[in-house]
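Me: Please take a close look at one part of this structure, and set out in a single connected account what can be said about it and about the elements that belong to it. I would like to start from the pocket that ranks second by size.

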Amino acid sequence: WTYVEDLHNPKIPKVKGTWTFDRSADGFMVIDEFRNDSGSGGTAVLAETYRAFNPDTHSWSFEATVYQAPMIGLRNGEWDAGITRVENGEIFDEITKGDIISRVRFYNMKKDRFSSVFLTSNDGGKTWVNPIDIQAVRIQ
């Protein structure tokens, strides 16, 4: 997949990148890599997620990490645990650390494209800030 990311900040241009998904463990695991281009041939953000399906509960859990993200501060490779839920045809990924919730909503999902929005809450979900919109298109 290729994507365009809109940070809703006039000082930062729209960012392009690639997002790959691979199945493993006979389809019970999905591994994805999210990579923002720096605009000069390098990588601005690199993140990975390992998603595992539990057939007994019909639910997904995941571990995610960001290796490189100068825009949001350097990360130490710390893993964050999260859950995935499906609701009304949309997919939600959430990581909760105390009052801080990071949420990604995937919607408008088609065979060749999808949309997503990344949001953060610093007050346990009462308010949401820092929206990042992504429009992804399948690479032909």
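Reply: For the classes used below, Ala, Val, Leu, Ile, Met, Phe, Trp, Tyr, Cys and Pro count as nonpolar, Asp, Glu, Lys and Arg as charged, and the others, Gly among them, as polar. The model is a predicted one, and its second largest pocket has a volume of about 550 Å³. The lining of this pocket is made up of 21 residues, with Phe21, Val30, Arg51, Ile91 and Met109 lying nearest its centre. Two or more residues each are given to that lining by strand 2 (15-24), strand 5 (59-68), strand 6 (80-87), strand 7 (90-97) and strand 9 (113-121). Sorted by class, the lining holds 9 nonpolar and 9 charged residues, together with 3 polar ones.

Strand 2 can be followed through its pairings. It runs antiparallel to strand 1 (residues 2-6), to which 4 bridges join it, and Val4 has Lys16 of strand 2 as its bridge partner. Strand 2 also pairs with strand 3 (residues 29-37), again in the antiparallel sense, over 8 bridges, with Arg23 partnered by Val30 of strand 3; Val30 is also among the residues nearest the centre of the pocket. The hairpin of strand 2 and strand 3 has 4 residues between the strands, and there Ala25 takes a positive phi near 50°.

Most residues other than glycine have a negative phi. Two further residues can be set beside Ala25 in this respect. His58, in the loop between strand 4 (43-54) and strand 5, has a positive phi of about 55° although it is not a glycine; with a relative accessible area of 64%, above the 50% cut-off, His58 counts as exposed. Asn88, in the loop between strand 6 and strand 7, likewise has a positive phi, of about 50°, without being a glycine, and Asn88 is exposed because its relative accessible area of 77% is over 50%.

Strand 9, another of the elements that contribute to the lining, contains Ser115. This serine has a relative accessibility of 3% and therefore counts as buried, the limit being under 20%. The side chain of Ser115 is joined to that of Gln135 by a polar contact of 2.8 Å. When neighbours within four places in sequence are left aside, Ser115 is in contact with Arg105, Phe106, Tyr107 and Asn108, and also with Ile134 and Gln135.

Technical notes:
Residues numbered from 1 in each chain as written. Predicted model: local features only at pLDDT ≥ 70, side-chain atom pairs only at ≥ 80, totals over all residues. Heavy atoms only, no water. 1 Å grid on protein atoms, 1.4 Å probe; cavity = no way out; pocket = protein on both sides within 12 Å on 5 of 7 lines; lining within 4 Å. Points joined across faces, edges and corners; volume = space filled by probe spheres on them. Buried < 20%, exposed > 50% of the residue type's maximum accessible area, 1.4 Å probe, protein only. Polar contact = N/O pair within 3.5 Å; in protein donor to acceptor, adjacent residues only side chain to side chain. Contact = heavy atoms within 4.5 Å. Pairing = 2+ DSSP bridges.
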